[in-house]
Each structure stands twice: as structure tokens, then as C-alpha cells.
Amino acid sequence: MRKPRDFDSELKALADKARQLKERRVQQLGELVIATGADATDAETLAGALLVIAETSEAQRKEAWRKRGAAFFQSKARKRGDGPQGQPDGTLPLDGGAASA
């Protein structure tokens, strides 16, 4: 006979995993702020800049920002002596390959 599934424990496990992923993302975003030196900026200015980024629909401008960010991470990798480490273009080394929000 087939064992009945314990949906409650499966749901709890999924909720725990979602919480861990969210905590990891928040930590990585904090590390990104520190790595770029943006932690020296007051919270209101940083929030304003992030809002402009989020509201921008200009593909050309976003692509320029993406390229600048990729160059930042590549220079960091070279300074550590790691090399590109197979990071595909457009992915953040800090996000473990997770999709951006």
C-alpha cells in the first residue's frame, strides 16, 4: 500500500527553503552594496538611485549599466587572481545563478 504524503511537512520544508533563499538574497545585496562602496552613501540617496534604476525602461541605458557592472566584477576577479570563473554575461557572481527580481 502506498504511504500517504505529508503535505504539511512538505509545505513547511518549501517555506523554509523560500525563507533561506530570501535571506541569502538580502545578504548578497548587502555584500554588493559594500563591495561597490555604496555603503558610504546615505540610505535616502541610495534608495533614490535604486528607484531610478528600477523605473528606467531605456534598454540602452540598462545595457550600459550592465556592462559597467560586468567590468566591475571582472576587475574584482582579476585582483583576486580568480579569472572570469565561467560567469556568463549578465549574471552576478554574488547571486549564485539565481534569477534577478
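The chain averages a pLDDT (the predictor's confidence in each residue, from 0 to 100) of 85, and 80% of the residues score at least 70. This is a predicted model, in which local features need pLDDT of at least 70 and side-chain atom pairs count only at pLDDT 80 or more, while totals for chains, interfaces and linings use all residues. Residues are numbered from 1 along each chain as its sequence is written, and side-chain values use heavy atoms, with hydrogens and water left out.

**Exercise 1. Find where the confidence of the model is high and where it is low, using the helices and the runs with pLDDT under 50.**

Step 1: the chain holds 3 helices and 0 strands, where helices (H or I, at least four residues) and strands (E, at least two) are DSSP runs numbered from the N terminus.
Step 2: among these elements, confidence is highest in H1, at a mean of 96, and lowest in helix H3 (residues 59–80), at 91.
Step 3: over residues 86–91 the pLDDT stays under 50, and the model has 4 contacts (heavy atoms within 4.5 Å) beyond four places in sequence for them; over residues 95–101 it also stays under 50, with 7 such contacts.
Step 4: where pLDDT is low, the predicted coordinates should not be read in detail.

**Exercise 2. Compare the reach of helix H1 with its expected span, and describe the residue that follows.**

Step 1: H1 covers residues 7–36, which is 30 residues.
Step 2: the expected span is 1.5 Å times one less than the number of residues, and for H1 this gives 44 Å.
Step 3: from first C-alpha to last, H1 reaches 43 Å, close to that expectation.
Step 4: Gly37 comes after H1 and has a positive phi, near 85°.

**Exercise 3. Locate salt bridges in the structure and classify the accessibility of their partners.**

Step 1: a salt bridge is taken as a side-chain nitrogen of Lys or Arg within 4 Å of a carboxyl oxygen of Asp or Glu, and the whole structure has 5 of them.
Step 2: side chains of opposite charge can pair when their charged atoms come close.
Step 3: one of the bridges joins Arg5 and Glu10 at 2.6 Å, N to O. Buried means under 20% relative accessible area, exposed over 50%, and partly exposed in between (1.4 Å probe, protein chains only); Arg5 is therefore exposed at 54%, whereas Glu10 is partly exposed at 32%.
Step 4: within helix H1, Glu23 and Arg19 lie 4 residues apart, about one turn of the helix, and their closest N and O atoms are 3.3 Å apart. Glu23 is partly exposed at 45%, as is Arg19 at 42%.
Step 5: in helix H3, Arg66 and Glu63 are 3 residues apart, again about one turn, and their side chains form a salt bridge of 3.0 Å, N to O.

**Exercise 4. Decide whether Thr56 is buried or exposed, and list its contacts beyond four places in sequence.**

Step 1: Thr56 sits in the loop between H2 and H3.
Step 2: its relative accessibility is 10%, so Thr56 counts as buried.
Step 3: not counting residues up to four places away in sequence, Thr56 touches Arg61, Lys62 and Trp65.
Step 4: for the chain as a whole, buried residues make up 6% of the 101 residues.
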